[in-house]
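Biologist: I'm new to this one, so could you walk me through how its helices get their labels?

Modeller: Sure, have a look first and then ask away.

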Amino acid sequence: MIRWLKAHVTQDMIRPLIYKIFTRAVLALFAAELFHFFAPASWPLSRFSNLALVLGILFLLGSVIAWLRFDGMKIPQFNLPRIKRTDPAFLTSDMADHIDDDIVKFDDLDKEEQDVCVLLTDLLLAAVCLLLALFL
């Protein structure tokens with residue numbers, strides 16, 4: 001596993017990986033809390049540990065799909081229209097102007113690197129959710 005990580009993970013993938021982990025984790029927790037708030041108390045899924053288990057299973061399913069896509073299987077993706085992000089006027093310069101490294105976004109990665117980022121994100125979040133389900 002460590003050889004596979006060293007072969008497929010590069011320095012450019014760290015920032016997009018962190019952003020993707022944070023975004024998916026916040027959205028998953030938000031969805032779980034919304035369901036926990038609006039679901040009747042008599043439902044077995046209204047407990048947060050059960051919701052964390054469901055989220056962990058969903059993230060495991062996502063990692064299996066990402067692994068299949070990484071292995072070359074053509075799985076259609078939903079390409080939702082995105083609005084291009086524009087920087088606000090007060091951000092005319094940023095820290096990248098003062099260092100030599102360019103900021104690499106997820107969209108700047110090639111297809112294989114994007115699949116590796118999604119796979120690692122889903123595996124990490126599945127492990128976190130399953131641990132939350134186990135201990136809560």
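**Helices and a nonpolar patch**

Modeller: Let's start with α3 and helix α4 (residues 111-135), whose axes come within 7 Å and cross at roughly 160°. Keep in mind that this is a predicted model.

Biologist: Why are α3 and α4 called roughly antiparallel to each other?

Modeller: Their axes cross at roughly 160°. Angles over 145 degrees count as roughly antiparallel, so that label fits α3 and α4. As for handedness, α3 passes α4 in a left-handed crossing.

Biologist: And what makes α2 and α3 oblique to each other?

Modeller: Helix α2 (residues 14-38) packs against α3 at an angle of about 140°, and the axes are 10 Å apart. To be roughly antiparallel, an angle has to be over 145 degrees, while roughly perpendicular covers 65 to 115. An angle of about 140° fits neither range, so α2 and α3 are oblique. Here α2 passes α3 in a right-handed crossing.

Biologist: What makes the nonpolar surface patch, and which helix gives the largest share?

Modeller: Phe35, Trp43, Leu45, Val54, Leu58, Leu61 and Ile65 make the patch, which is about 600 Å². Helix α3 (residues 48-70) brings the largest share, with four residues.

Biologist: Take Leu58: how do you know whether Leu58 is buried or exposed?

Modeller: Leu58 lies in helix α3 and has a relative accessible area of 51%. Exposed means over 50%, so Leu58 counts as exposed.

Terms used
Residues numbered from 1 in each chain as written. Predicted model: local features only at pLDDT ≥ 70, side-chain atom pairs only at ≥ 80, totals over all residues. Heavy atoms only, no water. Patch = residues over 30% accessible without salt bridge, like charges linked within 9 Å, V, L, I, M, F, W, Y side chains within 5 Å. Areas by Shrake-Rupley, 256 points an atom, 1.4 Å probe, with all protein chains shown as cover. Salt bridge = Lys/Arg side-chain N within 4 Å of Asp/Glu carboxyl O. Helix = DSSP H or I, 4+ residues; strand = E, 2+ residues; numbered from the N terminus. Buried < 20%, exposed > 50% of the residue type's maximum accessible area, 1.4 Å probe, protein only. Axes fitted to C-alpha atoms, helices over the stretch in contact; angles between N-to-C directions. Parallel < 35°, antiparallel > 145°, perpendicular 65-115°, else oblique. Left-handed = near helix turned anticlockwise from the far one by under 90°.
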